[in-house]
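Grab your favourite viewer and work through the exercises below. Try each one yourself before reading its solution.

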Amino acid sequence: MLGRARDVQAAAAATFLLSVAIAAPFAAVWWHADASVWPYALASTLCEVVYVVALAYAYRVGEVSFVYPLTRGIAPVLALGVAVAFLGHGATAAEVAGVLLVAVGVMLVRGPGGSRDVRALLLVTTIAASIAAYTLVDRAGIQRAGALTYFVLVLAGPCLVYPPLVGWTAIKRELGWTVGVASIANLGSFALGLLALRRGAAAPVLAVRSSSIVFATLLAGRVLSERVSRGRLAGSLLVFAGVALLAL
C-alpha cells in the first residue's frame, strides 16, 4: 500500500507540473497582473508549499481515506471561522449545522483508534489550515490578476518543491494520457475556483470544491486497497453533508 501511496504522490506531482506547463503559454499571451498582486501571490505560494510538503508526508504515514476527507472537511470550517472572527461575517443556522455535521463526520473518519494517529491528525490540521489560508488569500489576490496569470504565479513555487520530494524518476514513470487528462482537469477546476472566489465568499467555494470527499474515500478502497470501514465511509458522507450546508 505504501508503494501505491508513493505512486499517487508521483502522479499528483506530475499533474501539478503539467498543469503549469499547459497554462504558462496562455498566461504569457494574456498576461494580466496589477503590481498589488505580488504580496498575495507570494503568500498563497507559501501556503501552497506548506500544503504540498505536508500532504506528501501525510500520504506516507496515513491513509488517503483518512487524510483527504478530514483536510477537505476541516478547511471550510476554518475559513468560516476566520470570516466570523475577523471579517465580520455572521454565521447562519445552516452554517452552524454544517460545522456540527463536519465535526461528527471527522470523529467517525478518525475512528475508535484515532488516538494512535496523533501525527497524522496534526498533519491533517496543518493541511486544512493551509488550504483555508491560501483560499482566503486567493479571494483577495484574484481581484488583482487574470485567472491563468494568478494560477501560474501561485503554483510556480510548489512545482519547484514537489519534484525533489517525490523524485523525477517516479514522476516520469507516471506521465501518460491519464495524467494529461488530470492536468487539464486540475487547471480547469483551479481556474474556475479562482473565478468563483472573484464573485463569492471563500467558505462556500471551498465547500463546493470539497464535493469529491466521498469519491476519494471510495476510490481509496478500490484503487489503493485501503480498508475503508463503514464508519469511515459514513463519516465521509457526514463531512460532505456538512460542507454542502456550508456551501448553501
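What follows is a set of exercises on this predicted model, each with a worked solution.

**Exercise 1. Fold overview**

Work out how many helices and strands the protein chain has, and what share of its residues is buried.

*Solution.* Start with the secondary structure: the protein chain has eleven helices and zero strands. Reading from the N terminus, the order is therefore just α-α-α-α-α-α-α-α-α-α-α. Next, burial: of the 248 residues, 45% are buried. Then look at the surface, where the protein chain exposes about 11900 Å², with 70% of that supplied by carbon and sulfur atoms. Last, check the contacts: among those with a separation of 6 or more, 90% join residues 24 or more positions apart.

**Exercise 2. How far to trust the model**

Find the helix where confidence is lowest and the one where it is highest.

*Solution.* Begin with the whole protein chain, which averages a pLDDT of 78, with 79% of the residues scoring at least 70. Now go helix by helix. Confidence bottoms out in α9 (residues 202-209), at a mean of 66, and peaks in α2, at 86. As a rule of thumb, don't read predicted coordinates in detail where pLDDT is low.

**Exercise 3. Two serines in helices**

Decide whether S44 and S183 are buried or exposed, and list what each one touches.

*Solution.* Take S44 first. Helix α2 (residues 38-61) is its home. Its relative accessible area is 0%, so S44 counts as buried, the cut-off being under 20%. Leaving out residues up to four places away in sequence, S44 touches Y134, V137, D138, Y150 and V154. One of these partners also gives a polar contact: the side chains of S44 and D138 come to 2.7 Å.

Now S183, which sits in helix α8 (residues 177-199). Relative accessibility is again the thing to check: S183 has 0%, so it is buried too. With the same kind of neighbours in sequence left out (up to four places away), S183 touches A14, T15, L18, S19 and I22.

**Exercise 4. A serine in a loop**

Place S229 in the chain and say which class of accessibility it falls into.

*Solution.* S229 belongs to the loop between α10 (213-223) and α11 (230-247). Its relative accessibility is 40%; that falls between the 20% and 50% cut-offs, so S229 is partly exposed. For a distance check, take the C-alpha atoms of S229 and S65: they are 9.7 Å apart, although 164 residues separate the two along the chain.

**Exercise 5. A nonpolar patch**

Which residues make the nonpolar surface patch of about 380 Å²?

*Solution.* The patch is made by F26, V29 and W30. Go through two of its members. F26 lies in helix α1 (residues 2-29), and at a relative accessible area of 43% F26 is partly exposed. V29 is found in α1 as well. With 60% relative accessibility, V29 is over the 50% cut-off and therefore exposed. Finally, measure out from V29 in the viewer: its C-alpha is 9.7 Å from that of T149, 120 residues away in sequence.

**Exercise 6. One more long-range pair**

Classify V104 by accessibility and give its C-alpha distance to A234.

*Solution.* V104 is part of helix α4 (residues 93-110). A relative accessible area of 37% makes V104 partly exposed. C-alpha to C-alpha, V104 and A234 are 10.0 Å apart in space and 130 residues apart in sequence.

Technical notes. Residues are numbered from 1 along each chain as its sequence is written. This is a predicted model: local features need pLDDT of at least 70, side-chain atom pairs count only at pLDDT 80 or more; totals for chains, interfaces and linings use all residues. Side-chain values use heavy atoms; hydrogens and water are left out. Helices (H or I, at least four residues) and strands (E, at least two) are DSSP runs, numbered from the N terminus. Buried means under 20% relative accessible area, exposed over 50%, partly exposed in between (1.4 Å probe, protein chains only). A polar contact is a pair of N or O atoms within 3.5 Å; within protein, one must be able to donate a hydrogen and the other to accept it, and residues adjacent in sequence count only if both atoms are side-chain atoms. Contact means heavy atoms within 4.5 Å. pLDDT is the predictor's confidence in each residue, from 0 to 100. Patches are made of residues with over 30% relative accessible area and no salt bridge: like charges are joined within 9 Å, nonpolar side chains (Val, Leu, Ile, Met, Phe, Trp, Tyr) within 5 Å. Accessible areas come from the Shrake-Rupley method with a 1.4 Å probe; for residues, only the protein chains shown count as cover. A salt bridge is a side-chain nitrogen of Lys or Arg within 4 Å of a carboxyl oxygen of Asp or Glu.
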